[in-house]
Amino acid sequence: MSGQVAAGAMAGLALSEEQEEFRRTIRAFLDQRSPESEVRRLMETEQGYDEDVLRQMNEQLGLGGLVIPEEYGGSGFGFAELVVVLEEMGRRLLCAPYLSTAVAVQALLHCGDDETRKLWLPRIAAGETIATLALAEDSGRWDETGVTAVARPGAGGWTVTGAKSFVLDGHVADLILVAARTGTGVSLFAVPGDAPGLVRTPLRTLDPTRKQARVELTGTPAVLVGAEGQAGAALERVVDLAAVALAAEQVGGARFLLEETVRYAKDRHQFGRPIGGFQAIKHKCADMLLGVESAATAVHYAGRCAAALDDELPTVAALVKAHCSETFFRTAAEAIQVHGAIGFSWEHPAHLYYKRAKSGELLFGDPAHWRELLARRLGL
């Protein structure tokens, strides 16, 4: 690729003026409503989020219905705008059931029938419903192969029996979309959070800023979403979209760490000079910058592919999930090193980002899984 063509490609990934203004609005809100002190407060609570903040996000900013089509009460924006929002949320480690609900929305859009969409999407857009996708089980697989929960039809409708693990915000969700096997294959089912036979147990995880739960179902009443036995391929696409969404969060967190580390390197003096003047620190910061910028470029390209449901989405999603996961974790580790002793302390926020980065590496599958998936999708 010539330099001129490459420059044109990069320019095509730049945010529009409207998107930049949107970013500034989201950043200003989160800087005010999700400071470090609030993150630390919420991560110690069982609920894990502030209801007032979530209501403001939905009512004032319209984030709940951001990518929900207008016919279902949403704003009808695309995945590129969702990437912008999630970057800013990752930057501030927002404690809120937003990623979980965004993934559930994609499941309804790609797996659901119109009747189910009309029932649930307006409620999500209005901020009345927290939703989540329950796909993975104790095996930790995020594909249909790992689904062992069973759904059976009866005179009163479907019931689901089985257990799901690593369910994002599963302890507070009003709607849980459960993947289960029927006689014809993997299907998706809608289960209200207060359904009989449903037991939700919060999990103790490495990252206290993102709540996860184990969900157990015993003959739990459920409503079939979409066609029976046809959810496998659609769920694969949903997980690809979830991977892009998570990668956007990871880029936001990595960029925040980069900015804070550079600021510290300028302000911290040793031997009469800023530590940023030492070659070793310069190299670390330069490597961090290169990683963050390449990850940001990749995730914005992935956001465009996701918005258009481009044929490249499966390969791009696999690439960004592996690359952005590792970039965030590497940036967090380097940030701690540059900060020195204070970076290892409980009082410094670096460990919160480090834990989010490590947890995010495993969520929806680790980098090795996604690289293997990428090779397979490329036919290698």
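This is a conversation about a predicted model, covering its cores, some helix packing and a few single residues.

Reader: I'm new to this one, so where should I start; how many residues does the largest nonpolar core have?

Author: The largest nonpolar core has 102 residues, and those with the most contacts inside it are M57, M89, Y98, L133, L177, L188 and L235. Helix 8, which covers residues 231-267, gives the most to this core, with 14 residues.

Reader: And what does M57 touch, leaving out residues up to four places away in sequence?

Author: Leaving those out, M57 touches F29, G62, L63, M89, L94 and Y98, and two of these partners, M89 and Y98, are themselves listed with M57 as having the most contacts inside the core. Apart from that core lies another, of 17 residues, which includes F256, V292, A332 and Y353.

Reader: Let's go back to helix 8, then; at what angle does helix 8 pack with helix 11?

Author: Helix 8 and helix 11, the latter being residues 350-362, pack at an angle of about 155°, and their axes are 11 Å apart. Because angles over 145 degrees count as roughly antiparallel, that is the description that applies to helix 8 and helix 11. The crossing in which helix 8 passes helix 11 is left-handed.

Reader: Which residues meet there?

Author: From helix 8 come L246, E249, Q250, G253, F256 and L257, and they meet Y353, R356, G360 and E361 of helix 11. Sorted by class, this contact has 4 nonpolar, 3 polar and 3 charged residues. F256 and Y353, which both take part in this contact, are also among the residues of the 17-residue core.

Reader: What about helix 10 and helix 11; how do their axes cross?

Author: The axes of helix 10, residues 313-339, and helix 11 come within 9 Å and cross at roughly 155°, and the two helices are therefore roughly antiparallel to each other. Their crossing is left-handed. On the helix 10 side the contact involves K321, S325, E326, F328, F329, A332, A333 and I336, while helix 11 brings A350, Y353, Y354, R356, A357, K358, G360 and E361. The residues of this contact divide into 9 nonpolar, 2 polar and 5 charged.

Reader: And helix 10 with helix 12, how far apart are the axes?

Author: The axes of helix 10 and helix 12, residues 367-377, are 9 Å apart, and the helices pack at an angle of about 155°. That makes helix 10 roughly antiparallel to helix 12, and helix 10 passes helix 12 in a left-handed crossing. The residues making the contact are P314, T315, A317, A318, L319, K321, A322, S325 and E326 of helix 10, together with P367, W370, R371, L374 and R377 of helix 12.

Reader: Switching to helix 3, which of its residues are buried, and what do they pack against?

Author: The buried residues of helix 3, residues 36-43, are E38, V39, R40, L42 and M43. These buried residues pack against helix 2, residues 17-33, and against helix 11.

Reader: Now some single residues: where is Q106, and what does Q106 touch?

Author: Q106 sits in helix 6, residues 98-111, and Q106 is buried, with a relative accessible area of 8%. Not counting residues up to four places away in sequence, Q106 touches V67, F79, V238 and L241.

Reader: Is E216 buried or partly exposed?

Author: E216 is partly exposed, because its relative accessible area is 31% and partly exposed runs between the 20% and 50% limits. E216 has its place in strand 7, residues 212-225, and its C-alpha atom is separated by 6.0 Å from that of G162, although the two residues are 54 apart along the chain. Beyond residues up to four places away in sequence, E216 touches G162, A163, G197, L198, V199 and T201.

Reader: What is the phi of D169 near?

Author: Phi of D169 is near 55°, a positive value in a residue other than glycine. Most residues other than glycine have a negative phi. D169 lies in the loop between strand 3 (157-168) and strand 4 (175-182), and D169 is buried, with a relative accessible area of 9%.

Reader: And what about L309, where does that residue lie?

Author: L309 lies in the loop between helix 9 (279-308) and helix 10. Phi of L309 is also positive, near 50°, and L309 is partly exposed, with a relative accessible area of 33%.

Definitions and conventions
Residues are numbered from 1 along each chain as its sequence is written. This is a predicted model: local features need pLDDT of at least 70, side-chain atom pairs count only at pLDDT 80 or more; totals for chains, interfaces and linings use all residues. Side-chain values use heavy atoms; hydrogens and water are left out. A nonpolar core is a set of buried Ala, Val, Leu, Ile, Met, Phe, Trp, Tyr and Cys residues joined through side-chain atoms within 4.5 Å. Buried means under 20% relative accessible area, exposed over 50%, partly exposed in between (1.4 Å probe, protein chains only). Helices (H or I, at least four residues) and strands (E, at least two) are DSSP runs, numbered from the N terminus. Contact means heavy atoms within 4.5 Å. Axes are lines fitted to C-alpha atoms, for helices over the stretch in contact, and angles run from 0 to 180 degrees between N-to-C directions. Angles under 35 degrees count as roughly parallel, over 145 as roughly antiparallel, 65 to 115 as roughly perpendicular and the rest as oblique. A crossing is left-handed if the near helix is turned anticlockwise from the far one by less than a right angle, and right-handed if clockwise. Ala, Val, Leu, Ile, Met, Phe, Trp, Tyr, Cys and Pro count as nonpolar, Asp, Glu, Lys and Arg as charged, and the others, Gly among them, as polar.
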